[in-house]
Amino acid sequence: RSAALALLTWGLITLYVIDPRVMRPSEAPEASLRRILLLLDVSPSMQLTDAGIDHKQTRARRASDVVMSILDRVVLEQAKVTVVAFYSAAKPVLVDAKDPNVIKNILNDLPLDQAFEIGKTSIPDGLREAYNVARPWREKSTTLLVVTDGDTVPATGLPVVPPSIDRTFIIGVGDPRVGKFIDGHQSRQDASTLRQLAARLKATYHDGNEKHLPSETFAELSEALPIKEKRETGRREAAIAAAVVGG
């Protein structure tokens with residue numbers, strides 16, 4: 001009886017603690033479809049090499065790695081991805097994509113900065129264009145990811161967040177301590193400005209220069225996006241068997 005009770009207790013507690021297995025349909029209906037809106041900085045400073053764990057990646061490549069690490073954990077059959085690029089202005093470059101290879105090609109291989117006139121990076125213009133794209137979408141259906149190395153942001157005049165945006169995550173790339181020389185000035189990740197921007201947008205800021213998103217940020221994402229389950233191979237089955245045998 002002691003052994004049976006121990007098996008039953010362990011099995012039931014284990015089944016209670018581990019995440020439930022969710023069966024999702026292969027295609028989500030439009031009414032429940034989630035959206036990922038990626039606002040991507042493509043200014044020339046994103047080609048500087050000071051990112052990654054060893055600081056030997058370009059900021060653009062690091063941005064690609066961080067974004068793909070997120071998309072690799074999202075069930076893309078249940079979500080659509082739209083990409084808006086910004087530099088001196090902002091333009092949508094990909095709308096409602098589901099193929100991760102297409103998204104990766106956009107992030108890695110296209111010289112998107114050549115689509116803009118030379119000028120200063122404008123995060124407000126990027127936000128304004130992203131909000132215009134998202135405005136017609138269903139309320140609280142969209143997660144906005146802003147990936148940038150930072151820029152000066154005016155004290156007032158930021159566009160109003162549309163109802164379709166549920167959560168916003170701001171991810172900084174580039175060394176936040178040591179700058180690189182470009183266009184007559186030192187460029188580094190402007191972490192303090194990005195934190196202030198996150199506070200004004202009620203967003204979550206993450207320094208993605210050396211680390212991918214932490215588990216608590218993924219926990220926030222899982223509330224807004226269909227995240228792939230972590231397979232706990234054998235543990236669930238062992239818990240079920242223990243509960244049955246113990247019972």
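**Figure 1. The antiparallel pairing of strands E4 and E5 in a predicted model.** Strand E4 (79–86) and strand E5 (90–97) pair in the antiparallel sense over 5 bridges. Strands (E, at least two residues) and helices (H or I, at least four) are DSSP runs, numbered from the N terminus. Two strands are said to pair if DSSP finds at least two bridges between them. Within this pairing, Ala85 stands opposite Lys91 in E5. A hairpin through 3 residues connects E4 to E5. The structure is a predicted model, in which local features need pLDDT of at least 70 and side-chain atom pairs count only at pLDDT 80 or more, whereas totals for chains, interfaces and linings use all residues. Residues are numbered from 1 along each chain as its sequence is written, and side-chain values use heavy atoms, with hydrogens and water left out.

**Figure 2. The open sheet and the helix packed on it.** The sheet is open and consists of 6 strands in the order E5-E4-E1-E6-E7-E10, with mixed pairing. Its edge strands, E5 and strand E10 (204–207), each pair on one side only. On average, neighbouring strands of the sheet are turned by 20 degrees against each other, direction ignored. Helix H3 packs on this sheet and touches E1, E4 and E5, its direction making about 160 degrees with that of E5. Axes here are lines fitted to C-alpha atoms, for helices over the stretch in contact, and angles run from 0 to 180 degrees between N-to-C directions. Contact means heavy atoms within 4.5 Å.

**Figure 3. The parallel pairing of strands E1 and E6.** Strand E1 (residues 34–41) pairs with strand E6 (residues 142–148) in the parallel sense over 6 bridges. Leu38 has Leu145 in E6 as its bridge partner. In general, strands of a sheet pair through backbone hydrogen bonds, either parallel or antiparallel.

**Figure 4. Salt bridges that start from strand E1.** A salt bridge is a side-chain nitrogen of Lys or Arg within 4 Å of a carboxyl oxygen of Asp or Glu; by this rule the count comes to 6. One of them joins Asp166 to Arg34, with the closest N and O atoms 3.5 Å apart. This pair links distant parts of the chain, since Asp166 is in strand E7 (residues 165–172) and Arg34 in strand E1, 132 residues apart. Asp166 is partly exposed, with a relative accessible area of 27%, whereas Arg34 is buried at 17%. Buried means under 20% relative accessible area, exposed over 50%, and partly exposed in between (1.4 Å probe, protein chains only). Arg35 forms a salt bridge with Asp96, the closest N and O atoms being 2.5 Å apart. Because Arg35 lies in strand E1 and Asp96 in strand E5, this pair ties together parts that are 61 residues apart in sequence. Arg35 is buried at 8% relative accessibility, while Asp96 is partly exposed at 30%.

**Figure 5. A salt-bridge network around Asp149.** Asp149 forms a salt bridge with Arg59, in which the closest N and O atoms are 2.7 Å apart. Asp149 lies in the loop between E6 and E7 and Arg59 in helix H2 (residues 59–71), so the pair ties together parts that are 90 residues apart in sequence. Both Asp149 and Arg59 are buried. Asp50 belongs with Arg59 and Asp149 to a network of salt bridges.

**Figure 6. Gly52 and His55 in the loop between E2 and E3.** Gly52 is placed in the loop between strand E2 (49–51) and strand E3 (57–58). Gly52 is buried, with a relative accessible area of 1%. Not counting residues up to four places away in sequence, Gly52 touches Gln57, Arg62, Asn209 and Glu210. Gly52 and Val173 are 121 residues apart in sequence, and their C-alpha atoms are 8.5 Å apart in space. His55 lies in the loop between E2 and E3 as well. His55 is a residue other than glycine with a positive phi, near 60 degrees, and is partly exposed at 24% relative accessibility. Most residues other than glycine have a negative phi.

**Figure 7. Thr121 and Lys140 on either side of helix H4.** Thr121 is located in the loop between helix H3 (100–109) and helix H4 (123–134). Thr121 counts as buried at 16% relative accessibility. Apart from neighbours within four places in sequence, Thr121 is in contact with Asp41, Ser43, Phe86, Tyr87 and Asp151. Lys140 is found in the loop between H4 and E6. Although Lys140 is not a glycine, its phi is positive, about 55 degrees. Lys140 is partly exposed, at 45% relative accessibility.
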